[in-house]
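Welcome! Here is a short, friendly tour of one protein model, taken a topic at a time. Keep the picture open while you read.

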Amino acid sequence: MYDRKSMKAEEFIDHEEILETLDYAERNKNNIELIDRIIAKAKERKGLEHREASVLLACEMPEKIREIYDLAEQIKKDFYGNRIVLFAPLYLSNYCVNGCVYCPYHRKNRHITRKKLTQAEIAKEVTALQDMGHKRLAIEAGEDPVMNPIDYILESIDTIYSIRHRNGAIRRVNVNIAATTVENYRKLKDAGIGTYILFQETYHKESYEKLHPTGPKSNYAYHTEAMDRAMEGGIDDVGLGVLFGLELYKYEFAGLLMHAEHLEAVHGVGPHTISIPRVKRADDIDPETFDNGISDEIFCRIAACIRIAVPYTGMIVSTRENQKVRDQIIRLGVSQISGGSRTSVGGYYEPEPEDARSEQFDVSDTRTLDEVVRWLMTRGYIPSFCTACYREGRTGDRFMSLCKSGQIQNCCHPNALMTLKEYLEDYASKETADIGNALIGKELEHIPDEKVRKIVMERLSGIEQGDRDFRF
Ligand code: SF4
Ligand code: SF4
């Protein structure tokens with residue numbers, strides 16, 4: 001029985017409710033009155049229920065699809081302006097005891113090189129990431145209680161935060177590790193993590209069990225209820241995601257929104273971010289073997305409908321996607337992207353040798369961070385290295401209430417300009433720096449409050465003199 005407040009996975013992600021939602025969406029995909037009503041509701045910018053959003057995703061009328069895209073673009077502009085926050089993944093270890101059939105780190109893969117970074121190696125990787133200009137990392141590790149116990153993860157987080165190379169610092173570490181206990185989530189919270197990210201992969205229980213035949217991750221309920229344990233352990237900001245391509249995208253979309261509704265209903269705060277990865281080619285993985293691959297067009301529709309349904313939730317797209325797709329999807333609602341990424345264990349400090357590769361998937365966007373920053377600016381975006389909120393205690397419901405009142409914009413825009421300035425001073429090529437400094441000059445005019453503008457201008461000159469880490 002569907003109950004968004006239930007703490008049982010099979011009740012808040014109720015299979016029958018999803019099937020009924022898909023049926024409702026299919027029956028109404030050309031119901032112009034209903035679609036107009038849903039679009040009118042979405043224009044209030046308070047989000048949509050999973051059934052309503054599913055109708056928009058199923059809609060087949062070209063003029064209404066155009067309206068959906070236009071609204072997504074407008075909501076993106078209203079909530080996130082023209083800023084894009086940048087981050088990089090850091091893989092700590094690819095030892096894994098699970099049997100996920102779509103991931104080359106599955107236990108039975110004897111072909112892939114297994115690696116686990118030592119603390120000294122992490123220090124080298126972090127130094128290299130700082131020298132690129134990164135301030136925000138997402139750490140990743142396979143699930144292996146012996147090779148990657150929680151103490152190893154905690155020690156690694158400490159190491160990452162302790163490294164200071166030249167003007168560099170990693171100011172926010174987001175964590176993407178396997179579902180764990182409330183006690184371990186509490187430890188992660190105490191270690192000062194930003195967002196806890198865990199992809200559901202698929203919300204379809206039967207498919208989930210086939211795709212995860214062995215290992216602790218095969219327990220659907222334990223995995224699906226992980227965010228509740230994380231929040232019970234004190235982690236305010238959690239990041240959801242599904243791996244598109246494993247199951248029918250309409251099913252995943254409804255499940256994803258039901259999960260968000262559940263978190264909001266139970267904890268009073270929805271997900272901080274939603275990631276939208278697609279299955280990619282990797283060591284012993286061929287994406288063609290999965291029947292549910294989605295086109296770029298459908299991928300963009302999903303992003304637009306997520307943007308409309310959960311306007312306050314950040315959306316992340318990684319270098320799994322190529323430049324062309326990232327170009328389209330950023331416009332429709334993505335707020336964070338990775339840049340200059342390596343998906344191998346190590347690889348930032350020195351490239352992996354050809355005969356000992358450890359990537360989780362092939363990167364489609366292989367540009368350097370400098371190239372990504374320059375590309376964003378020439379497309380009219382402000383690349384942001386901001387990490388201010390969690391360091392100012394703006395997490396969970398505090399963060400959401402600032403978002404909902406629109407006040408967060410007063411922080412995001414100046415912080416984007418100041419962190420971009422740091423990047424230009426410390427890491428950018430001359431060409432990027434010239435474009436960036438001109439952009440900052442232009443963007444200063446868009447700070448509405450004269451007092452704030454003056455403070456930002458003073459801080460920008462401070463950065464030119466060598467000061468760092470200003471934030472609102
Ligand atoms: S997806 Fe995660 S849990 Fe599954 S095999 Fe890969 S690293 Fe392990
Ligand atoms: S001010 Fe907060 S919400 Fe805005 S970009 Fe910075 S960390 Fe994100």
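The notes below go through the domains, a strand, two helices and the surroundings of a ligand. Please remember that this is a predicted model.

**Domains**

- The domain assignment of the protein gives three stretches: domain 1 (13-76), domain 2 (80-366) and domain 3 (406-464).
- Measuring between centres taken over C-alpha atoms, domain 1 and domain 2 are separated by 27 Å.
- Where these two domains touch, domain 1 contributes 23 residues and domain 2 contributes 25 residues.
- On the domain 1 side of this contact, α2 (15-27), α4 (50-58) and α5 (62-80) each provide at least two residues.
- The most comes from α5, which gives seven residues to that side.
- Sorted by class, the side of domain 1 that touches domain 2 has 15 nonpolar, five polar and three charged residues.

**Strand β1 and its partners**

- Strand β1 (residues 83-93) is largely enclosed by the rest of the structure, because ten of its eleven residues are buried.
- With strand β2 (residues 136-141), β1 runs parallel and is joined by five bridges; here Y91 is the bridge partner of E140.
- Strand β8 (residues 336-338) also pairs with β1 in the parallel sense, over three bridges, and V85 stands opposite Q336 of β8.
- Strand β9 (residues 382-384) runs parallel to β1 and is joined to β1 by three bridges; I84 has P383 as its bridge partner in β9.

**Two helices to check with a ruler**

- Helix α13 (residues 296-309) has 14 residues, which at 1.5 Å a residue should span 20 Å; the end C-alpha atoms are 20 Å apart, so the two values agree.
- Is α13 mostly covered or uncovered? It is mostly covered, as ten of the 14 residues of α13 are buried.
- Among the buried residues of α13 are F299, R301, I302 and C305.
- Helix α12 (residues 249-267) has 19 residues and reaches 27 Å from its first C-alpha to its last, close to the 27 Å expected.
- Right after α12 comes G268, with a positive phi near 80 degrees.

**Around ligand 2**

- Which residues are around ligand 2? They are V85, S384, C386, T387, A388, C389, I408, C411, C412 and N415.
- Two elements, α16 (388-391) and α18 (409-426), give two or more residues to this shell.
- The most comes from α18, with three residues.
- By class, the shell around ligand 2 holds seven nonpolar residues, three polar residues and no charged residues.

Key
Residues are numbered from 1 along each chain as its sequence is written. Chains are lettered from A and ligands numbered from 1 in the order in which they are written. This is a predicted model: local features need pLDDT of at least 70, side-chain atom pairs count only at pLDDT 80 or more; totals for chains, interfaces and linings use all residues. Helices (H or I, at least four residues) and strands (E, at least two) are DSSP runs, numbered from the N terminus. The expected span of a helix is 1.5 Å times one less than its number of residues. A residue is buried if 20 or more other C-beta atoms lie within 10 Å of its own, exposed if 12 or fewer, and partly exposed in between; C-beta atoms are placed from the backbone. Domain bounds come from an automatic or database domain assignment. Two residues are in contact if their C-beta atoms, placed from the backbone, lie within 7 Å. Ala, Val, Leu, Ile, Met, Phe, Trp, Tyr, Cys and Pro count as nonpolar, Asp, Glu, Lys and Arg as charged, and the others, Gly among them, as polar. A residue is near a molecule or strand if its C-beta atom, placed from the backbone, lies within 6 Å of it. Two strands pair if DSSP finds at least two bridges between them.
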